Amino acid sequence: MKKGLTIFLAVVVLLVLLVLPLIGSYNRLVGLDEQVNNNWSQVENQLQRRLDLIPNLVETVKGYAAHEKEVLADVSAARAKLAGAQTVTESAAAEAELSSALARLLVVVENYPNLKADANFRQLQDELAGTENRIATARMDYNNSVREINAAVRRFPTVIVARLFGFSSRDYFEADEDAGKAPEVDFNN
């Protein structure tokens, strides 16, 4: 009887020693997954803030620059694309297109000194600049959390738990290939 109890206790202790690390790995993966989701929500939150500011900026510029319809149309179209984006990749491409359109819009503004002096426009421009900084920070935080979960789901022994419970690598928010190029604005057309 004593030998049977010893074997039973040894098996229980062995199972506990095997299960506890699995529970810890699972809980860590859940925490990392939630951090990625939270950081993506922050990116979306800042992108939405920018989407909300853009119509006001466009309307303010329209009053001064009615003949710059193409630039204003590009901003509106890019804004619509970003609002309809469903994935990280689509959001990254739409965000890059919107940034380019906004850059062209700000070049248009340079040609209208009265617009630059308008208090409403200055306030909107400052809010947009602040939002752009928030977007950059949110994207950086998102990519950092993606790096953490991607590394975790590839490490041993966590990779076993990740595969068992369906955790997988996540996509980074990457800049569009053309993001490094300055937008071209031609006022001669």
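A salt bridge is taken here as a side-chain nitrogen of Lys or Arg within 4 Å of a carboxyl oxygen of Asp or Glu. In this predicted model, a search of the whole structure returns five such pairs. Side chains of opposite charge can pair when their charged atoms come close.

One of the salt bridges joins the side chains of Arg170 and Asp33, with an N to O distance of 2.5 Å. This pair connects distant parts of the chain. Asp33 belongs to helix α1 (residues 2–64), while Arg170 sits in the segment after α6 (158–165). The two residues are 137 residues apart. Arg170 has a relative accessibility of 24% and therefore counts as partly exposed.

Helix α1 also contributes Arg50, which pairs with Glu132 of helix α5. The closest N and O atoms of Arg50 and Glu132 are 2.8 Å apart. Because Arg50 lies in helix α1 and Glu132 in helix α5, the salt bridge ties together parts that are 82 residues apart in sequence. Arg50 has a relative accessible area of 0%, so this residue is buried. Its partner Glu132 is partly exposed, at 24% relative accessibility.

A further salt bridge is formed by the side chains of Lys81 and Glu97, at 3.0 Å from N to O. Lys81 is part of helix α2 (residues 69–84) and Glu97 is part of helix α3 (residues 88–110), so the pair ties together parts that are 16 residues apart in sequence. Both partners count as partly exposed: Lys81 has a relative accessibility of 49%, and Glu97 has one of 31%. Elsewhere, salt bridges with shared partners join Arg50, Glu95, Glu132 and Arg139 into one network.

Polar contacts of an uncharged side chain were also examined at Asn143. Asn143 is placed in helix α5 (residues 119–152). Its relative accessible area is 18%. The cut-off for a buried residue is under 20%, so Asn143 is buried. A polar atom of the Asn143 side chain lies 2.8 Å from the backbone nitrogen of Phe173. Beyond residues up to four places away in sequence, Asn143 touches Tyr172 and Phe173. Phe173 thus appears both as a contact of Asn143 and, through its backbone nitrogen, opposite a polar atom of the Asn143 side chain.

How values were computed: Residues are numbered from 1 along each chain as its sequence is written. This is a predicted model: local features need pLDDT of at least 70, side-chain atom pairs count only at pLDDT 80 or more; totals for chains, interfaces and linings use all residues. Side-chain values use heavy atoms; hydrogens and water are left out. Helices (H or I, at least four residues) and strands (E, at least two) are DSSP runs, numbered from the N terminus. Buried means under 20% relative accessible area, exposed over 50%, partly exposed in between (1.4 Å probe, protein chains only). A polar contact is a pair of N or O atoms within 3.5 Å; within protein, one must be able to donate a hydrogen and the other to accept it, and residues adjacent in sequence count only if both atoms are side-chain atoms. Contact means heavy atoms within 4.5 Å.
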